[in-house]
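Dear colleague,

I am passing on a structure that will be new to you, together with some notes on what was found in it. Please look through the sequence and the model first, and then read on.

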Amino acid sequence: MQTKRPAAVALAGALCLAATACGASSSPTAKAAADVSAPGYPVTLKNCGQTTTYTKAPSRVVTMNGASVAEVSSLLALGLGDRIVANEQSYGRSEIPGRAAAIKKLPTGGIKLNDAYDIPREAMLGLSPDLVLSTTSYGFDAKNGFATRDDLEAVGANAYTSPQGCAQDTSHMTIDDSYRLLRDLGKIFNVSGRAEKLITESRKRISEVSAKVKGEKRPDVMVVFSNMSMGGNDFSSIAARGIWNDILAKAGGSNAFSSTSRTAFADLSKEKVAAEQVDALVVISYNDPNPEAYARKLLKEFPQWPAAKNKRSLVLSDSIYLGPSNDLAVEKIAKMLHPGAL
C-alpha cells in the first residue's frame with residue numbers, strides 16, 4: 001500500500017490518538033464582563049471536565065487542523081464562516097456541493113505549521129483568537145508544541161474540543177456526536193435554531209433510508225483511508241471502529257474489520273486483508289487527488305473479494321466522519337449496498 005502524504009502525520013497524531021465533547025475554562029476577560037453580556041448570553045458549556053463561559057458570540061475563531069473538517073464544516077453549515085480568522089482544515093473535496101471551495105476560500109492566518117501540520121503556540125497566540133476549535137485534546141497539549149487551554153485563557157480565548165476528543169479515542173464516536181458538535185456550536189454562537197434544524201433534517205433523512213433497508217442482508221464493508229499510512233503494516237489506515245460503523249449500520253451494512261482492532265484503526269498485513277470477505281469497499285479521501293484510482297487498485301489487488309467481482313466501491317470524504325453531513329454518507333452507502341431498496 002503506497003502512502004504517504006504529509007497529512008498522515010496529522011491523522012496519526014490526531015485521529016489515531018483521538019475521541020466526549022470538551023473545551024476549556026472561561027477567561028478572566030469573560031468573567032469580568034459577565035455583567036455586560038450580549039443578548040442571549042452568558043452561555044456556559046461543560047467541556048472536557050471544565051466549565052466554559054461565553055458572554056457573546058465569538059468573532060475571531062481558529063480551527064486547528066487535527067486531520068479533520070468537522071469543525072470548519074459545522075461552522076459553515078451554521079452560516080458562521082465570517083467568524084473564522086484562521087482555518088487549517090481541508091479534505092480537498094466534499095459530498096456537500098460547494099463546501100470544498102468554500103473551505104479553500106477561508107483565511108489561513110498565514111501560519112507556518114509545525115511538524116504535526118498544525119498551529120504552533122506562538123503563532124496561535126499571535127492570531128488573537130477568542131475561540132479555538134480542536135478535534136481532540138491533542139491540539140491543546142504543550143508536549144505537541146501547541147497553546148494550552150491555560151495559554152488561551154490568559155489572552156481571553158475559549159477553547160473547545162469536539163465530541164469524543166477529550167479522551168482522544170474516536171472508537172466510540174457515533175452520528176450523535178456530530179449532532180452534539182452542531183448543538184454545542186449553536187449554543188456558543190446563539191444560533192441554536194439553525195443547529196436544531198440541521199439535526200432534525202439529518203435524522204429524518206437517515207431514518208427514511210434505514211427504514212428502506214431494514215431486513216436486508218448486511219454486506220461486509222471495508223472502510224479505508226486512501227493512500228494513507230499510520231502504522232507498520234501494509235494496511236494501517238483501515239477504519240475499524242467509530243462513527244463509520246454507525247453510518248454503515250444505518251445504511252444496512254457492517255464493518256468487515258470491526259473485530260480486528262479495539263481502537264479506531266486497524267493495522268493489518270496484506271495477508272489478513274486478503275483473507276477477509278469484503279462485499280463492498282468505501283475509500284475515504286483525505287487530500288488525495290485521485291482516490292478513485294486507489295479504489296480501483298484495491299479491487300484489482302484482491303480479485304477474490306465479492307466487492308471486486310461486483311465492482312462495488314464508493315469514494316467518500318467528509319460525510320463519513322464527524323461533521324454535519326453524515327446523512328449523505330448513509331444514503332450513498334445504502335444505494336451502493338441495496339440499490340433495489342432505494
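For what follows on the pocket lining, Ala, Val, Leu, Ile, Met, Phe, Trp, Tyr, Cys and Pro count as nonpolar, Asp, Glu, Lys and Arg as charged, and the others, Gly among them, as polar. Please keep in mind throughout that this is a predicted model.

With those classes in hand, the lining of the second largest pocket comprises eight nonpolar, five polar and four charged residues. This pocket has a volume of about 160 Å³, and of the 17 residues that line the pocket, Leu198, Arg205, Pro324, Ser325 and Asp327 lie nearest its centre. The elements that contribute two or more residues to this lining are helix H7 (175-188), helix H8 (192-213) and helix H13 (326-337).

Turning to the interior, the largest nonpolar core has 61 residues, and those with the most contacts inside it are Phe189, Val223, Trp244, Ile320 and Ile333. If neighbours within four places in sequence are left aside, Trp244 is in contact with Val223, Phe225, Ala239, Asn255, Ala264, Phe265, Ile284, Ile320 and Tyr321. There is also a second, separate core of 22 residues, which includes Ile238, Ala240, Ala295 and Ala308.

Some of the residues in contact with Trp244 return when one looks at the aromatic rings, since Phe225, Trp244, Phe265 and Tyr321 form one aromatic cluster. For pairs of rings whose centres lie within 6.5 Å, the count comes to eight aromatic pairs. One of these is formed by Phe225 and Phe265, which are tilted, with 5.8 Å from centre to centre and 55° between the planes. This pair links distant parts of the chain, as Phe225 belongs to strand S8 (residues 220-225) and Phe265 to strand S11 (residues 265-268), 40 residues apart. Since buried means under 20% relative accessible area, Phe225 counts as buried because its relative accessibility is 1%, and Phe265 likewise counts as buried at 9%.

Another pair is made by Phe302 and Trp305, whose ring centres are 4.5 Å apart and whose planes lie at 20°, so that this pair is stacked, given that planes under 30 degrees apart count as stacked. Both partners can be placed by the burial cut-off used above: Phe302 is buried, with a relative accessibility of 1%, and Trp305 is buried with a relative accessible area of 0%.

With best wishes

Terms used. Residues are numbered from 1 along each chain as its sequence is written. This is a predicted model: local features need pLDDT of at least 70, side-chain atom pairs count only at pLDDT 80 or more; totals for chains, interfaces and linings use all residues. Side-chain values use heavy atoms; hydrogens and water are left out. Rings of Phe, Tyr and Trp (its six-membered ring) pair if their centres lie within 6.5 Å; planes under 30 degrees apart count as stacked, over 60 as edge-to-face and the rest as tilted. Helices (H or I, at least four residues) and strands (E, at least two) are DSSP runs, numbered from the N terminus. Buried means under 20% relative accessible area, exposed over 50%, partly exposed in between (1.4 Å probe, protein chains only). On a 1 Å grid over the protein atoms alone, a cavity is a set of points where a 1.4 Å probe fits but cannot get out, and a pocket is an open set with protein on both sides within 12 Å along at least five of seven lines; lining residues have an atom within 4 Å of a point. Grid points are joined across faces, edges and corners, and a volume is the space filled by probe spheres set on the points. A nonpolar core is a set of buried Ala, Val, Leu, Ile, Met, Phe, Trp, Tyr and Cys residues joined through side-chain atoms within 4.5 Å. Contact means heavy atoms within 4.5 Å.
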